[in-house]
Amino acid sequence: MTLDGFLRLAAQSVTNPREVAALLLSIRPNREALWTAFALVVVLNALLFSASILVDPSSVPPFLSSPVAFLVMQGGALAASILALTWVGRMFGGRAKVEEIALLLIWMQGLRVLVQAATLLLVPVSLSLAGLLTMVATGLGVWIAVNFIDEAHGLGGLLRALAVLVLGMLAMAFAVSILLTLAGVSPEGMSDYV
C-alpha cells in the first residue's frame, strides 16, 4: 500500500468506518503478517512517545519514562484489548475471531501513529491546537471503534457495540492494572498523573 492509499483509507475510516472494516476483514492476513503489523504499530507508537518525552518530559509518569517500558505497556494493552473485545463481543452474541479483532485494532493503532505524529508537530506551535487535535481524535477513535466492533461481531446495532467497547476497555484496564501491580508499579506512584 502506498502512502497516498494509506492516507485515503485513513480518511475513509472516519467517513465510512464500516466499509473500511469490511475491506480489512476481507484481506484475511496470516498470523505472521498480523504479528508483524502488531509489532510495527507498537514500535512506531513507542518511538513517537519517546519523541514526545523529549518535547515535554514533565507530562510522563516515571514508570513510563523509559521507551522500553512504554513499548511493553503498549504491547500488553493492545493484546489485552484484542482479547477483551473478542471475549466481551462474544458474550453479546458476536462472531468475530481474535485475528479479526486484532486486525482492526492494529489498523486503529496505525491511525493513532498518524495522530501522534501530527500532535508532536503541533506541540511546539500551539499546545491548545495539539490538545484540540487529541480530543477530536479521541472522539473519532470511539466512533471508528464502535463501527469496527459492530461490523466484525455482527451485533446489529451501534449501542450494543458501544457496550462491548466500554466493557471490553474496563476488562482491558483491569488486566493492565494487574500487569502493573506484578511489575511493581504502585497506585500511589501513579496518583500524581491521574
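**Entry 1: aromatic pairs**

I began with the burial of two ring-bearing residues in this predicted model. F6 and W107 are both buried. I then looked up how the rings of F49 and F70 are arranged: their centres lie 3.9 Å apart and their planes meet at 10 degrees, so I entered the pair as stacked. The angle falls under the 30 degrees that I apply as the cut-off for stacking. I next located the partners: F49 belongs to helix α3 (residues 31-55) and F70 to helix α4 (residues 67-91), so this pair ties together parts that are 21 residues apart in sequence. Both F49 and F70 are buried.

I counted the aromatic pairs in the structure and noted three. One of them joins F6 and W107, with 5.2 Å centre to centre and 70 degrees between the planes, and I recorded this pair as edge-to-face. F6 sits in helix α1 (residues 3-15) and W107 in helix α5 (residues 98-122), so the contact ties together parts that are 101 residues apart in sequence.

**Entry 2: salt bridge within helix α1**

I searched the whole structure for salt bridges and found five. Among them is the bridge between R8 and D4, whose closest N and O atoms are 3.0 Å apart. I placed both residues in helix α1, where they are four residues apart, about one turn of the helix. I then asked of each partner whether it is buried, exposed or partly exposed. R8 has 54% relative accessibility and counts as exposed. D4, with a relative accessible area of 47%, is partly exposed.

**Entry 3: salt bridges of R18**

I turned to R18 and looked up its bridge with D150, for which the N to O distance is 2.6 Å. R18 lies in helix α2 (residues 17-27) and D150 in helix α6 (residues 127-153), so the pair ties together parts that are 132 residues apart in sequence. I entered R18 as partly exposed at 31% relative accessibility, whereas D150, at 5%, counts as buried.

I also noted a salt bridge between E151 and R18, with the closest N and O atoms 3.3 Å apart. This pair links distant parts of the chain, E151 being in helix α6 and R18 in helix α2, 133 residues apart. E151 counts as partly exposed at 23% relative accessibility.

Which residues are linked with R18 in a network of salt bridges? I recorded D150 and E151 as the residues linked with R18 in this network.

Technical notes
Residues numbered from 1 in each chain as written. Predicted model: local features only at pLDDT ≥ 70, side-chain atom pairs only at ≥ 80, totals over all residues. Heavy atoms only, no water. Phe/Tyr/Trp six-rings, centres within 6.5 Å; stacked < 30°, edge-to-face > 60°. Helix = DSSP H or I, 4+ residues; strand = E, 2+ residues; numbered from the N terminus. Buried < 20%, exposed > 50% of the residue type's maximum accessible area, 1.4 Å probe, protein only. Salt bridge = Lys/Arg side-chain N within 4 Å of Asp/Glu carboxyl O.
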